Amino acid sequence: MEARLLWLCNWSTLGVCATLKLPQIYAQLAARSARGISLSSLLLELAGFLVFLRYQCYYGNPLLTYLEYPVLIAQDAVLLLCVFHFNGNVKQAAPYVAVFVSSWFVLSLQKWIIDLAMNLSTFISAASKFAQLQYLWRTQDAGAASALTWGLAAYTCAVLLRFVVMLALNIWVTTTVLRYRKTVAKVE
């Protein structure tokens with residue numbers, strides 16, 4: 001039963017990630033506007049995805065453990081081009097593309113670089129969410145932002161929440177074991 005549940009969670013997350021940004025892309029195309037989309041949020045998210053993908057490739061992890069990231073990166077790239085297009089400055093995308101492509105190679109120059117980047121990727125991802133929130137609070141206009149995309153993203157995180165809960169409970173048990181451990185006196 002547990003194996004089936006894990007299989008369902010894994011494949012449902014992959015399925016959701018495969019279509020995660022499509023509602024956002026559709027909303028932008030339908031509105032013919034990038035209003036409501038934070039460029040800095042999108043760039044930070046793309047950077048976080050890129051770091052995670054590069055880390056997985058660098059260490060040769062099985063494709064199934066990170067399969068959603070190439071798809072998310074492709075969707076974010078399309079979304080980024082839409083933002084630049086609807087803001088009327090597609091040519092300004094070129095420096096960002098150059099930075100992302102060169103960072104793919106720079107990240108793997110030294111082991112410590114990719115390890116440090118991976119350690120920072122959670123903060124980068126969190127910063128992207130805060131950048132989007134800050135943008136929405138400042139403009140007080142959701143514009144073409146897709147609630148469905150953000151809801152689907154919440155689902156993928158909720159599936160992973162199980163691991164966070166298990167981590168907290170395991171740490172709690174560990175500390176409780178250490179606290180109540182009886183010391184055994186040596187008998188000579």
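1. Leu-64 sits in the loop between α3 and α4 (68-86). The model is a predicted one, and the points below should be read as such. With a relative accessible area of 43%, Leu-64 is partly exposed, because partly exposed covers values between 20% and 50%.

2. Leu-64 also belongs to a nonpolar surface patch of about 710 Å². The other members of this patch are Leu-5, Trp-7, Leu-8, Trp-11, Leu-63 and Leu-67.

3. On internal space, the structure has one cavity of 30 Å³ or more. The largest cavity holds about 100 Å³. Its lining consists of Lys-21, Gln-24, Ile-37, Ser-38, Ser-41, Leu-42, Glu-45, Leu-79, Gln-132, Thr-149 and Trp-150. Two or more of these lining residues come from each of α3 (39-58) and α7 (147-180), and α3 makes the greatest contribution, with three.

4. What is the make-up of the lining of the largest cavity in nonpolar, polar and charged residues? Four residues are nonpolar, five are polar and two are charged.

5. The second largest pocket encloses about 210 Å³. It is lined by Leu-46, Leu-50, Ile-73, Ala-77, Leu-80, Leu-81, Phe-84, Ala-93, Tyr-96, Val-97, Phe-100 and Val-101. At least two lining residues are supplied by each of α3, α4 and α5 (93-106).

6. The lining of the second largest pocket counts 12 nonpolar residues, with no polar and no charged ones. Tyr-96 is part of that lining and falls in the nonpolar group because Tyr is counted as nonpolar here. In the largest cavity, by comparison, the lining includes five polar and two charged residues.

Notes: Residues are numbered from 1 along each chain as its sequence is written. This is a predicted model: local features need pLDDT of at least 70, side-chain atom pairs count only at pLDDT 80 or more; totals for chains, interfaces and linings use all residues. Side-chain values use heavy atoms; hydrogens and water are left out. On a 1 Å grid over the protein atoms alone, a cavity is a set of points where a 1.4 Å probe fits but cannot get out, and a pocket is an open set with protein on both sides within 12 Å along at least five of seven lines; lining residues have an atom within 4 Å of a point. Grid points are joined across faces, edges and corners, and a volume is the space filled by probe spheres set on the points. Helices (H or I, at least four residues) and strands (E, at least two) are DSSP runs, numbered from the N terminus. Patches are made of residues with over 30% relative accessible area and no salt bridge: like charges are joined within 9 Å, nonpolar side chains (Val, Leu, Ile, Met, Phe, Trp, Tyr) within 5 Å. Accessible areas come from the Shrake-Rupley method with a 1.4 Å probe; for residues, only the protein chains shown count as cover. A salt bridge is a side-chain nitrogen of Lys or Arg within 4 Å of a carboxyl oxygen of Asp or Glu. Buried means under 20% relative accessible area, exposed over 50%, partly exposed in between (1.4 Å probe, protein chains only).
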